[in-house]
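Colleague: Before I use these labels, I would like to go through how each of them was assigned. Could you take me through the reasoning?

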Amino acid sequence: MGMHEFHITTYVLTCDECDTQYGGFGEYLDIPDLYQHAMNAGWQTDDDHHYYCPEHWQFNCQTCGRRYSRPNPDTKEGTRWVETHGRDCPECIRKKNLAKFEKLAKKLEE
């Protein structure tokens, strides 16, 4: 018997927004297997090989065109985001809410 030393290469994906990892020690021994399982679990990738967990999908704002992150629309949090904010980035949402507030304040002054 005796002691034997083994070297195992294992792969993980790391979210570029929050450093959450997908995969673990010995779980995925090849990149295509890891990639396929991660995509099936709601992860997103872009052409520059950046990876995003289901909480930080990347979208383009429908108002200003800026890229921003928000939850995957297939999740409960993502559905809630779309219902509440549409397809706008947080900055455009803030601006729209401020404009509504200023309009209401002006109306109340009359």
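Modeller: Let me begin with Asp 88, which counts as buried because its relative accessibility is 3%, and buried means under 20% relative accessible area, with exposed set at over 50% and partly exposed in between, using a 1.4 Å probe and protein chains only. This is a predicted model, in which local features need pLDDT of at least 70 and side-chain atom pairs count only at pLDDT 80 or more, while totals for chains, interfaces and linings use all residues. Residues are numbered from 1 along each chain as its sequence is written, and side-chain values use heavy atoms, with hydrogens and water left out.

Colleague: What makes Asp 88 and Lys 96 a salt bridge?

Modeller: The closest N and O atoms of Asp 88 and Lys 96 are 2.5 Å apart, and a salt bridge is a side-chain nitrogen of Lys or Arg within 4 Å of a carboxyl oxygen of Asp or Glu, so the pair qualifies. Lys 96, at 39% relative accessibility, counts as partly exposed.

Colleague: How many salt bridges does this rule give, and which residue forms one with Arg 94?

Modeller: The count comes to 2 salt bridges, and the partner of Arg 94 is Glu 91, with the closest N and O atoms 2.8 Å apart. Both residues lie in helix α3 (residues 90-109), 3 residues apart, about one turn of the helix; helices are DSSP runs of H or I with at least four residues, strands are E runs of at least two, and both are numbered from the N terminus.

Colleague: Why is Arg 94 called partly exposed?

Modeller: Its relative accessible area is 44%, so Arg 94 is partly exposed, and Glu 91 also counts as partly exposed, at 29% relative accessibility.

Colleague: Why is there no bond between the sulfurs of Cys 89 and Cys 92?

Modeller: A disulfide is a pair of cysteine sulfur atoms within 2.5 Å, whereas the sulfur of Cys 89 is 3.7 Å from its closest cysteine sulfur, in Cys 92, which is too far for a bond. The count is therefore 0 disulfides. Cys 89 is buried, with a relative accessible area of 1%, and Cys 92 is buried at 6%.

Colleague: How do you know that β5 and β6 pair?

Modeller: Two strands pair if DSSP finds at least two bridges between them, and β5 (residues 57-60) and β6 (residues 67-70) pair in the antiparallel sense over 4 bridges. Gln 58 stands opposite Ser 69 in β6, and in the hairpin, which has 6 residues between the strands, Gly 65 takes a positive phi near 85 degrees.
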